[in-house]
Structure formats: C-alpha cells, structure tokens
Amino acid sequence: MGVPEQLAERMSMAEQHEYLRAKFSRRTMIRGGAVTLGAVTGGAFVTGATAQAAVPAQPLPRTETVDGSLVAPFGRHLAFGNDPATEITVSWQVPLPVKKPFVRIGTHASHLSVKIDAEVRTLYTPAGVGASGDHTQYYVHAKLTHLKPGRTYFYGVGHNGFDPASPQFAGTVGTFTTAPAHKAPFTFTAFGDEGVGYHGLANNSLLLGQNPAFHLHAGDIAYADPAGAGKTADTGFDSRVWDQFLAQTESVAKSVPWMPAYGNHDMEAWYSPNGYGGEEARWNLPDNGPDRKNLPGVYSFVYGNTAVISLDANDISFEIPANLGISGGTQTTWLEAQLKKYRASKDIDFVVVFFHHCAYCTSTAHASEGGVRQEWVPLFEKYTVDLVINGHNHQYERTDVIKAGAVTKKLPIGGTAYPETEGVVYVTAGAAGRSLYAFTAPLSYEGHENEVESVASFVNTRSGKQNETVTWSRVRYLDYSFLRVDVTPAAKGRTATLTVRGIAETGAQVDHFTVARKAK
C-alpha cells in the first residue's frame, strides 16, 4: 500500500487509515463505483451506528437486475445478543445485491411462519488496497429477539426470489438453540488463529462433533491481512479471504454461535480509523461493551452458570501498538466492573475471559504480552477468574496455577485447580489452522509428559522484549488443536466444575484438567 516501512512503524491505526483514504481519492472511488461501509435495507442506505461510523457512502453502482433465485446466500454465522437465552443474530453473505433480504423462523422446518426483515452492510475495497481486486462484499444481518430460553428454532435466510420456505430451497434451512433459563450442563469450544486452509477445515469438522453450545474465537480470524501489524504497508491484504473464511466455517457457525474477539490480524486500515470497520460489517456481536466506537469486539454474555468476557488486547499491546491506548483506559475500568458484578451474582459460578495476546506463553514468536500482565492480570487474580483463553501464538500451551507471576500450585495433566484460593490457569489455544510456531523447551503433553524445571522465554514490554526464565509452563503441544470445555453446575453447597480438554486435529486428547468452585 505504499507507505515507507520506517514511517509505518510510527503510525497509529488511525493515521494508517487516513493515509489510505488520502491515497485512494474520492475521484478514484467514484470512477470505480465505490460503496463504503454502511447499513442498507432493501437497497437504500439508512442511518445507524454502523453507517455513522463509516466514511461517507457513495451511491451503489448501476447494475442489471439479477434474478434473486440465482443468488444463493452463503457464509451463515450466528452470534448471541446481549442475552443468549432470548437473542440471536443470524448473519450471512450474498455475492450480489439482492432485494428485501429476510430471515424466516419457526419451531419446525416446514413451518417457518415468522418473517423478519434483514439489514445489508456493504463493504467496498478498491483495487490497489493490498492485493485486493475492486471488490464489494454484501453482509446481511437479522437480529432475533424475544425468543424463548432453551428452545431449538428452525430458520432460513433469503431475499426476493429465494425463499427458504419454498420446496426448492428447503435444504438451506438450519437450526439454533437458545441458552437455557436455568443452570444445566453444557459444552463450549474455543481456539484462535484459524485462517483459511485444510487445518482450519479439519478442526471445524471436529468442533461440530463436540456439540458445543457456542464457540469462542480468540482473535486473528480470517487473516485477510497476513502481516498483522495494522499498517498501510501490509501489501498482502485481500478482503476476499473473508468470503473463503465464512464459507469454511459455515458448517459450524450456521448452528453454533461463533463469538470472536479481535486480534492484530483483524485490524484492517482501509475501513476505519480503528481498523475495525470491516469487522463491524461482517459481525453483529453483543453491544454491551464500554466503547462501541473504538472497541466493537469487547462484550460479555452469560450462558447458564458461566459468564464469558471478550476483550480487545490490541488496546494494551506493547508488542503491536497500532491501537495501543485507543480506549483511554475505559476497557480496563469496564472489565473490573464486569468481574465485580459477575462475582457478586448468586447465579454465576464461573467467569471465563478470552482475548488474543497471551498473558503467559513461551512461544519463540510472540511469547507473553506485558500490557496484559500490567493491566488485566491483577484483576483476574483479584476476582478469581476461572479460565483465561488466548490465541496469538500458534501452538497449545497451558500453565500451572499462577498468582502474582509465580506458581502457587503445579497442575499436572488431570489435576484440579481451585481459583478461589490458588490462582488462575491460562491456556494458549492458537493452533486452529495457521502455520505453527515453536517452543524452546521440549514438548510435554498427555501420554508424552516431559517435565522441566524452567523454560527460557521473554515478555513484550513498553521498552521492548525482556528475557525471562519461567517455571509455569506445564503443557506444550505443537500441532493443530482446539479447546473443549464441559461445564457442570452443582446443587447449592456442592462443587461446580469446568473440565477443560485440549483436543488435537487428529481427535486425540493432549491435555485435560478441572477447575472447581463451590456453588453459591
């Protein structure tokens, strides 16, 4: 994208965005028939938070009318609303503009009686922005509210000419299930750093077999920007990779809410000053975070007895500082308020936090992020967070139980941690599909334990990499994998558990441990 590397190193995400917008002038965009990020319903632009956050929209290019029956939706992906028991957003793509998109929903595949209008968000990328061709993407969203808890619904997506209620398109009907109103056992899955390719596809095939209630993606989602520094010099950026990613994950995401946090590869400088304009077009996530304008990937939700918090570590990353300090501290303030609220709730046993950059990891690539240790780890310990899930480093690594930077308890494979008295367990699950990294210490995983006293590593600080020797690295596995977490509530006064498993792409179990907490 043409900015000198030495200049790009000093530019913030917002400065990168301004550079690109100046380079690709209004005249160029009009000549190319530009459509920028905005909300579109039935072909007409409407106002809204997403539209207002974008650059001024240009008219849609004039095209011939396309028979809607020939335009098939693809890339369906679900997300919870603020309340997973009553709210679901259905999202998808269409390859061409369509008229009057909608979702049909019902309690049986043959009875999709309720029809709900959908919103189209167009995303234009001109040729010359990275490796992208002149490309417009059409993302469609319908938010479903007032659903009944613990209910399985059938749904179909369509538009004029393509009605999932008609026999010829009946095969496109899918299902989703809302969260229960009361505590009940459930399973969720998690990983980070998937991208597009065989290994991501293989992991997705195994994910579906776990029958998860939802899936957490801990950042670096599609890798449309392969460099991941949030720079205009990221010449490999290609927006069309997202089309491939959403098609790849549809087998899971069409029935399992796919809940992402944003990583460094998810900052795309062309679309908005914070780099997240493209993400806002593609996803419709809970809007209960502290700063929707700057941090749209920060939110929380409660499923049964478990609270889940998604954070944006780009805001506090010393290693990749394109968005460093973008929230002005509001994210950390919000995090503490959420943790305090959830710990005070009699209905919540567990608190799970997920985000991209690692608090504790010994990878030779990125290792640990000092900003996370400085800003958030003290809060995790103060409010006895039960599990922290990260990506960023493309491998599986799990710590012992940690408090104040030291091991409070060794946690062997099959062991049990008690956060209320012992500390926090951190898992790096960044081996979803992208090329793998490396460890300095020997591998050690289930059936192949190889305990070492210490591991040489480093932490990224404000002043650069700082070497450290750590004793908390318990499990190290270097192949494609994901997390499965089984949540078991308990009667009052008894023990509730999280059973956490590392599952390899082969289906083999490479780690398992339990987090236990006395039910309230």
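Of the 520 residues of the protein, 60% count as buried. The model is a predicted one. Its secondary structure comprises 10 helices and 29 strands. Among contacts between residues at least 6 apart in sequence, 72% join residues at least 24 apart.

One such pairing can be followed from strand β3, which covers residues 74-80 and includes A79. With a relative accessible area of 4%, A79 is buried; the cut-off for that label is under 20%. Once neighbours within four places in sequence are set aside, A79 is in contact with I88, T89, P257, W258, M259, N284 and L285. Of these partners, L285 is 206 residues from A79 in sequence, yet the two C-alpha atoms are 6.2 Å apart in space.

The next topic is a pair of helices. Two packed helices are described by the angle between their axes and by the distance between those axes. For α5 (residues 198-209) and α6 (residues 241-253), the angle is about 10 degrees and the axes are 9 Å apart. Angles under 35 degrees count as roughly parallel, and α5 and α6 are therefore roughly parallel to each other. On the α5 side the contact is made by G200, L201, N204, L207 and L208, and on the α6 side by Q248, T249, S251 and V252. By residue class, this contact of α5 with α6 divides into 4 nonpolar, 5 polar and no charged residues.

Helix α6 can be examined further on its own. Its 13 residues, at 1.5 Å a residue, should span 18 Å, and the end C-alpha atoms are 17 Å apart, which agrees. The helix also has a kink of about 30 degrees, centred on A247. As for its surroundings, 10 of the 13 residues of α6 are buried, so the helix is largely enclosed by the rest of the structure. The buried residues of α6 are V241, W242, D243, F245, L246, Q248, T249, E250, V252 and A253. Q248, T249 and V252 are thus named among the buried residues and also in the contact with α5.

Two loop residues remain, each described by its backbone angle and its exposure. T384 is not a glycine, but its phi is positive, at about 45 degrees. T384 sits in the loop between α10 (377-382) and β18 (387-390), and at 16% relative accessibility it counts as buried. A404, also a residue other than glycine, has a positive phi near 55 degrees. The loop that holds A404 runs between β20 (401-403) and β21 (406-409). A404 is exposed, with a relative accessible area of 68%.

Definitions and conventions
Residues are numbered from 1 along each chain as its sequence is written. This is a predicted model: local features need pLDDT of at least 70, side-chain atom pairs count only at pLDDT 80 or more; totals for chains, interfaces and linings use all residues. Side-chain values use heavy atoms; hydrogens and water are left out. Axes are lines fitted to C-alpha atoms, for helices over the stretch in contact, and angles run from 0 to 180 degrees between N-to-C directions. Helices (H or I, at least four residues) and strands (E, at least two) are DSSP runs, numbered from the N terminus. Angles under 35 degrees count as roughly parallel, over 145 as roughly antiparallel, 65 to 115 as roughly perpendicular and the rest as oblique. Contact means heavy atoms within 4.5 Å. Ala, Val, Leu, Ile, Met, Phe, Trp, Tyr, Cys and Pro count as nonpolar, Asp, Glu, Lys and Arg as charged, and the others, Gly among them, as polar. The expected span of a helix is 1.5 Å times one less than its number of residues. The bend at a residue is the angle between axes fitted to the seven residues ending there and the seven starting there. Buried means under 20% relative accessible area, exposed over 50%, partly exposed in between (1.4 Å probe, protein chains only).
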